[in-house]
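Student: I am new to this structure and would like a close look at a single part of it. Could you please take me through the salt bridges?

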Amino acid sequence: MTIRYKNQGINLTSTGTESVFTAPADATVLIKQIQINNGSASAVNLNVQVTDTSATSTFRIFNEAVTGAATKDLINHTLVLEASDVLKMTAGTANEIQGIISYALLDRSQENG
């Protein structure tokens, strides 16, 4: 198993639900931080969900108004995404929420059997 530390940017360009991160099919992902910034002077509602593809269920993990011109950490502890799980976000205003996801990728593609 290989562990790679990575990051991925977030830019919510619409008010529809956007898939911002999908765990690879041959890996487990440990999300250590999701930091977002509201570029608007006004508060923007933000909803964050995780779709557990093995259970075909979606769970809300964050839902609140992010203060105008503020930066916020969305999780307090490690969030585990299993193979093909999806992190989704919905913003109340388009083009105002940006951020970054910092994670460890536990790659199992090189395992035997």
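Tutor: A term is needed before the pairs are described: a residue is called buried when its relative accessible area is under 20%, exposed when it is over 50%, and partly exposed in between. The model considered here is predicted.

Side chains of opposite charge can pair when their charged atoms come close. Two salt bridges are found when the whole structure is searched.

One of them joins R4 and D107, whose closest N and O atoms lie 3.5 Å apart. This pair connects distant parts of the chain, since R4 belongs to strand 1 and D107 to strand 9 (residues 97-107), with their positions 103 residues apart in numbering. The partners can also be described by their accessibility. R4 has a relative accessible area of 37%, so this residue is classed as partly exposed. D107 has a value of 12% and is therefore classed as buried.

The other bridge is formed by E64 and K72, with 3.4 Å separating the closest N and O atoms. E64 is partly exposed because its relative accessibility is 34%. K72, with a relative accessible area of 28%, is likewise partly exposed.

Strand 1 also deserves a further remark. The strand covers residues 2-11 and includes Y5. With a relative accessible area of 69%, Y5 is exposed. Together with M1 and I3, Y5 makes a nonpolar surface patch of about 420 Å².

Terms used. Residues are numbered from 1 along each chain as its sequence is written. This is a predicted model: local features need pLDDT of at least 70, side-chain atom pairs count only at pLDDT 80 or more; totals for chains, interfaces and linings use all residues. Side-chain values use heavy atoms; hydrogens and water are left out. Patches are made of residues with over 30% relative accessible area and no salt bridge: like charges are joined within 9 Å, nonpolar side chains (Val, Leu, Ile, Met, Phe, Trp, Tyr) within 5 Å. Accessible areas come from the Shrake-Rupley method with a 1.4 Å probe; for residues, only the protein chains shown count as cover. A salt bridge is a side-chain nitrogen of Lys or Arg within 4 Å of a carboxyl oxygen of Asp or Glu. Helices (H or I, at least four residues) and strands (E, at least two) are DSSP runs, numbered from the N terminus. Buried means under 20% relative accessible area, exposed over 50%, partly exposed in between (1.4 Å probe, protein chains only).
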